[in-house]
Every structure is written in C-alpha cells, then in structure tokens.
Amino acid sequence: MNIWQPDPDENMVARSSVAFATGAASRVKGMRWFRDTERHDIQDELAGWPAGPSFTPHTSTGSAAQKTLLGAAKVAGVAVMALLSSAGGNVTGTSVAPSEEGTDTPDEPTNEVDDFPVMWAAPMTKARSLPWQLDPGRMKRKNGHTHLIVTDQRLVVVLLSVRERVFEDEVVWECPLTEIEAVTPRNFKEGNDFTITFKDGSWSRLCSSGRQQLMRYLAPPRDLIPLETLPPSQRQAVLEFTAETENSDSAPANITRNPTGRLRVEILLPARLTPAFGIAEMRITLDAEGRRVDIDDYLPGDF
C-alpha cells in the first residue's frame, strides 16, 4: 500500500473524493466548459490533456419542453398516488433528501444557468495547471479516483488506484495554500460544489460529496491549535480521546476552534480509506472546561 503522507512538519486535515463539477440547470445539465476570461473554450489549449467531449448547451425550447414533461410527470404521479390512496391501498414511497445546503436559486446565473465553466483562466495562470484526471469526461472511474488532500500547508490532488486490493496514490497536482485567494461554497442544486480562486484571479469549480470536510479548514481558513497551548482540562480531554482512537494508522489530533468558541478535535483514520469517499475521521467537541459536548447540545457553529 502506497498512500500519500504529509511531510514530518505538516498536518493533513482532510481527504475526500473530488472532480470538476457538472452543470445541473436544464440548459447546461451534464455539461462543463473550460474558459478563458473572454469566455472562449480553452480545453484544446491545456498542456498534456487528452481529447475530451465537446458540449453544446440545450436550446431554450428544449429546456422548456423538458420542464413541461417533468411537470406533467409529477402531476401524473400525484394523480396515481391519490387514486391508490382513495382505493384503500397502503402506499409508501422513498425519496433521496437533497443536501441541506443545496438551493434552487443560482448564485451566478451566468456561470450556472446560461454557461457552466469549471475553469476560468487566462494564459499562464494557476487554474490551467489543474490535472485532466479531475474531468469526468476524460477520466474513467475504473482507472482510479481523484482525491483532494488538504493540509495546513498545501492542497494535493492524488489519483488513487486499486490493484488486487492494494491502494496506490499518484500525486498529479499540488498547490501551496499561499497561492489561494479564497475557497467558496456553491450551493446551487445539490450543494456539493465549491470554487477555488487563486491569487492570480483564475478559478476552478469542483464537486465533492465530502465538501464540508474539505472546506472546514479553508472557508474561512482555520489555524491548528497546538496541544501544549491548551489549558490542562482541555489538554487532558484531547489526550484521552487520542488514547481511545490511537492505533498504528491514526494521525495526530487536529485541534481547531469553532465559531462558538468550543474546540473541535479530529483524528483521521487512514486505514478507513475508501476510493469513493476518502478518509474517515473521528471527532469530538469540547467546551471551555474540557467536557465533551453531546451532539444534541451543538450550536450551529459546532457543525
């Protein structure tokens, strides 16, 4: 097993699957584009990238027709359910709840409804250096999964492949945190997207089922708190939690302060790495006296 590890003076704080985002609005559904600042397509200019699909936005007429058909289907479904219920049937159904952070209101209609750039980059800017393996249109998942690793010093994209149940990481891109201007959640539709804006003004829109985990240390940035700087009660609580979860595959505890003032203590578990999701974690929240806070007593800023 060859899994990426941080340098001795570096702390890994999150790892989850990641890819370029995909349009969700009717006009751009299932599509993505790579643009320069004049909104020209630049995918054929990206060094080392293999050929990928070209997309054409759906027409307004087509989008309207899709919406009409969808609306008719919903009405028909409601009518059928009502008929079954009136007939005395025991009607049950299942549904997938959308992300709590998802919304049907676009933040940027130009870039989410009319067009859907996942790279916005002038020549020689940082976003153009992103690896082609992030593109679902070029990268077949049977060949591996791309993961984004966040440390207290940099971002790293690795290609995780599995051969005969052995995990192998290949670093395909990295960037110091000092080159990042902002990381911003994009909640339109599923609520799994986010953009990384670099200091040179270029940006990329990515998608991850572990978005909350990845962004926790990036938006806004949070500094790790050294264990030795904590008061005795909190320090002892962290040591006890570490002893409970510590094994040969555990990482050191990452300690940060929530907006509520409480401490968040997380331990990553590399042994529980999965291609589809990333690394699992164990976490607790501590109050000022070092007592563990039950999740039922969490404040919004503790989640």
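Start by selecting E164: in the hairpin of β6 and β7, this residue takes a positive phi near 50°. The hairpin has two residues between its strands. Keep in mind as you look around that this is a predicted model.

Now widen the selection to both arms of the hairpin. Strand β6 covers residues 154-163 and strand β7 covers residues 166-176. The two run antiparallel and are paired over ten bridges. To see where the arms meet beside the turn, pick R163, whose bridge partner in β7 is V166. While you have the strands on screen, check which way the side chains point: in a regular strand they alternate between the two faces of the sheet.

Next, click on L155, back in β6. Leaving aside residues up to four places away in sequence, L155 touches L148, I149 and V150, then W173, E174, C175 and L177, and also I180, I196 and L218. L155 also belongs to the largest nonpolar core, a set of 40 residues. Within that core, F20, F34, M119, L155, F194 and I196 touch the most other members, so show those six as sticks. Apart from it lies another core, made of twelve residues. Select I225, L230, I267 and I284 to find some of its members.

Two cysteines are worth a stop. Is C175 buried or exposed? C175 is buried, at a relative accessible area of 1%. C207, on the other hand, is partly exposed, with 26% relative accessibility. Don't go hunting for disulfides here, though: the structure holds zero.

Move on to strand β1, residues 12-17. Six of its six residues are buried, so the strand is largely enclosed by the rest of the structure. Add strand β5, residues 145-151, and you'll see an antiparallel pair joined by five bridges. For one position along that pair, pick R15, which stands opposite I149 in β5.

Time to zoom out. In total, the protein has four helices and 13 strands. Of its 303 residues, 42% are buried. Among contacts between residues at least 6 apart in sequence, 60% join residues at least 24 apart. If you switch on the surface, you're looking at about 16,400 Å² of accessible area, with 54% of it belonging to carbon and sulfur atoms.

Last, colour by pLDDT. The average is 86, and 86% of the residues score at least 70. Then select residues 62-99, where the pLDDT is below 50. Beyond near neighbours in sequence, this stretch has eleven contacts in the model.

Technical notes
Residues are numbered from 1 along each chain as its sequence is written. This is a predicted model: local features need pLDDT of at least 70, side-chain atom pairs count only at pLDDT 80 or more; totals for chains, interfaces and linings use all residues. Side-chain values use heavy atoms; hydrogens and water are left out. Buried means under 20% relative accessible area, exposed over 50%, partly exposed in between (1.4 Å probe, protein chains only). Contact means heavy atoms within 4.5 Å. Accessible areas come from the Shrake-Rupley method with a 1.4 Å probe; for residues, only the protein chains shown count as cover. A disulfide is a pair of cysteine sulfur atoms within 2.5 Å. A nonpolar core is a set of buried Ala, Val, Leu, Ile, Met, Phe, Trp, Tyr and Cys residues joined through side-chain atoms within 4.5 Å. pLDDT is the predictor's confidence in each residue, from 0 to 100. Two strands pair if DSSP finds at least two bridges between them.
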